Amino acid sequence: MKLELCWVVSLLCAFVASSPRKPYTFRAGFVYYSATTDMAWTWKQNQGLMQMHTNLQALSNVHVITTYKENVPYDPCDPVFATWGSQGFDLVVGTSSGYQDCMISAAAQYSNTTFLHVSGWKTATPNFGVGYARLYQPMYLAGYTAGLVSETGVLGVLAPVQIPEIYRQISAWVLGAKAARPNITVHVAWTGSWIDPSLEDFVVAQLLNFNVDVVNVRTADVEGHLSASRNGMLSTGYSSDFRMVAGESVLISATFNWGALYTPVAQLVLNHTFAEYVGPNGPRNWWPGWEEGTVELTDVSFLAPPSVATEVQEETQRVMHGGLHGDTVFCRRIVDNTGKLVTDGACLDDSELLSMTWLPSAVVDHGLWNLPGRVCGVGTFGVFDLSTSAISCLPCPRGTVSVNSDTVSSCVGCPQGTYSTGNTTHCTACAAGTYGAVANATGCLPCPPGTIAAS
């Protein structure tokens with residue numbers, strides 16, 4: 001009887017072992033700040049999503065479902081994070097720094113869902129982590145390229161928001177430019193926004209007045225590159241290869257390969273080991289780079305002299321090894337643009353890189369810029385002072401009205417039969433019994449005796 005029972009049990013076990021397991025359905029959702037068609041930050045993020053999907057789908061007994069929501073603003077907190085958490089998604093990825101507090105709140109509420117915040121810095125609950133990539137590494141090489149190619153020795157940076165991530169990447173770009181050309185000058189102007197095409201176009205045009213011939217476009221869209229091309233300047237890009245949109249005037253781009261980050265993170269989620277992961281910068285904190293394949297560099301544009309590509313390759317071999325992080329970008333004597341010594345040659349560690357709020361010597365920091373039309377009020381026009389980045393608002397001349405307040409050319413003359421005393425956005429029609437003899441009038445004349453004004 002015992003032998004027969006053992007045989008039955010063994011047969012049952014063999015049957016269970018040989019039966020195909022039902023595939024596990026892994027669901028992941030990505031939240032994007034802009035559209036997946038922007039050919040920039042979000043387009044590259046979505047490429048990472050698709051790469052992760054393909055890699056996971058190749059695993060045995062895993063069925064992968066991925067989705068995304070685009071054009072999601074920071075404020076108010078979008079319900080998509082909590083919605084996907086309540087639906088039991090395995091992984092939710094927020095791809096912009098402004099989602100941080102919203103994601104932390106959702107992670108605290110839905111512990112069975114893993115949340116990964118890209119470009120964040122706070123780690124909270126065991127189901128919440130942060131990740132980024134060491135883009136400053138190829139940014140250094142892009143700056144090196146710009147320094148080699150510049151004919152004027154004056155470079156520009158179209159900068160977005162003033163956070164450590166941007167200071168770090170701009171600083172690496174400037175250090176690269178200085179390595180190629182020690183006496184380089186770099187003008188940095190900030191827009192205060194990731195995407196603001198009108199302001200980006202204005203800033204790039206103003207940088208031309210400083211004799212800038214190569215501009216580092218660090219905003220999150222293509223407009224800066226297009227503006228540089230229109231103004232006869234070359235540019236360097238970040239995130240994706242902007243040459244696809246703006247052509248060969250884009251010298252080179254430092255790009256992301258997000259799939260190299262998202263795939264291993266998703267595998268940890270599948271293996272239920274996400275909470276236990278400890279990276280070099282702490283629990284559930286990822287910051288891979290050149291060695292891991294999360295950052296890359298495009299080829300040099302054919303508009304650069306033929307020797308430039310070779311020189312960039314040689315600099316890559318010199319810089320992209322050693323140090324504390326697989327590179328020596330910040331392992332040199334560095335003085336900031338106020339004259340303060342940052343390091344006498346020792347490598348900056350990650351805590352110093354992650355908290356950067358300085359720019360290297362050679363930088364002229366112009367601060368935040370704005371469009372005059374957004375500053376000046378009714379009946380005025382703006383005058384932009386390049387030396388101070390200040391906007392002075394002056395009244396429109398008498399006989400004219402303000403259209404959009406950008407420049408004095410925005411003050412348009414009033415047509416015949418109307419007048420303006422200045423400081424207004426509309427022309428006033430001449431009253432009954434009066435007439436306007438000329439355009440740009442500051443008042444109307446009385447009709448002579450025995451006449452009336454024609455309508």
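## A tour starting from D221

Select D221 to begin: with a relative accessible area of 9%, D221 is buried, because the cut-off for that class is under 20%. The model on screen is a predicted one, and the stops that follow should be read with that in mind. D221 is found in the loop that runs between β8 and α8. If neighbours within four places in sequence are left aside, the residues in contact with D221 are A40, W194, I195, D196, P197, E200 and F242. Add Q162 to the selection and draw a C-alpha to C-alpha distance: D221 and Q162 lie 17 Å apart in space and 59 residues apart in sequence.

**Helix α7 and the sheet beneath the cursor**

One of the contacts of D221 is E200, and E200 is also among the buried residues of helix α7, which spans residues 197-207. Select that helix next and colour L199, E200, F202, V203, V204, Q206 and L207, which are its buried residues. Which elements cover the buried residues of α7? The cover includes the strands β6 (154-159), β7 (185-190), β8 (214-217) and β18 (380-385), together with the helices α8 (223-230) and α13 (372-375). With the strands shown as ribbons, α7 can be followed as it lies across β6, β7 and β8, running at about 165° to β6.

Now widen the selection to the whole sheet, an open one of seven strands in the order β14-β10-β9-β8-β6-β7-β17, in which the pairing is mixed. Its edge strands are β14 (295-297) and β17 (363-368), each of which pairs on one side only. From one strand to the next the twist averages 15°. Within this sheet, β6 and β8 pair in the parallel sense over four bridges, and a convenient place to look is V157, which stands opposite N216 in β8.

**The six-strand sheet**

Move next to the open sheet of six strands, whose order is β2-β1-β3-β4-β5-β13 and whose pairing is parallel. The strands at its edges are β2 (62-69) and β13 (285-286), and each pairs on one side only. Select β4 (residues 114-118) with β5 (residues 128-131): these two strands run parallel and are joined by four bridges, and V118 stands opposite G131 in β5.

Two helices can then be added to the view. Helix α2 (residues 41-57) lies across β1 (24-31), β2, β3 (91-94) and β4, and runs at about 170° to β2. Helix α4 (residues 100-109) lies across β3, β4 and β5, and runs at about 170° to β4.

**From α2 to α10, by way of T263**

Keep α2 displayed and select T263, which has its place in helix α10 (residues 259-270). Is T263 buried or exposed? At 9% relative accessibility, T263 counts as buried. Apart from residues up to four places away in sequence, T263 touches Q51, M52, N55 and L56.

Those four residues also appear on the α2 side of the helix pair, where Q45, G48, L49, Q51, M52, N55 and L56 meet G259, A260, Y262, T263, A266, Q267 and L270 in α10. By class, the residues of this contact divide into seven nonpolar, seven polar and no charged. The axes of α2 and α10 are 8 Å apart, and the helices pack at an angle of about 45°, so the two are oblique to each other. In this pair α2 passes α10 in a right-handed crossing.

**The α5 and α6 pair**

Select helix α5 (residues 136-149) and helix α6 (residues 164-180), which pack with their axes 6 Å apart at an angle of about 40°. That angle makes α5 oblique to α6, and α5 passes α6 in a right-handed crossing. To view the contact, show Y136, M139, Y140, A142, G143, Y144, A146, G147 and L148 in α5, which meet R168, Q169, A172, W173, L175, G176, A177, A179 and A180 in α6. The classes represented in this contact are 13 nonpolar, four polar and one charged residues.

**Last stop: T425**

Finally, select T425, in the loop between β22 (418-419) and β23 (428-429). With a relative accessible area of 44%, T425 is partly exposed. Not counting residues up to four places away in sequence, T425 touches V378, G379, V401 and S402. A closing distance can be drawn from T425 to Q57, which are 61 Å apart in space, C-alpha to C-alpha, and 368 residues apart in sequence.

Definitions and conventions. Residues are numbered from 1 along each chain as its sequence is written. This is a predicted model: local features need pLDDT of at least 70, side-chain atom pairs count only at pLDDT 80 or more; totals for chains, interfaces and linings use all residues. Side-chain values use heavy atoms; hydrogens and water are left out. Axes are lines fitted to C-alpha atoms, for helices over the stretch in contact, and angles run from 0 to 180 degrees between N-to-C directions. Angles under 35 degrees count as roughly parallel, over 145 as roughly antiparallel, 65 to 115 as roughly perpendicular and the rest as oblique. A crossing is left-handed if the near helix is turned anticlockwise from the far one by less than a right angle, and right-handed if clockwise. Contact means heavy atoms within 4.5 Å. Ala, Val, Leu, Ile, Met, Phe, Trp, Tyr, Cys and Pro count as nonpolar, Asp, Glu, Lys and Arg as charged, and the others, Gly among them, as polar. Two strands pair if DSSP finds at least two bridges between them. Buried means under 20% relative accessible area, exposed over 50%, partly exposed in between (1.4 Å probe, protein chains only).
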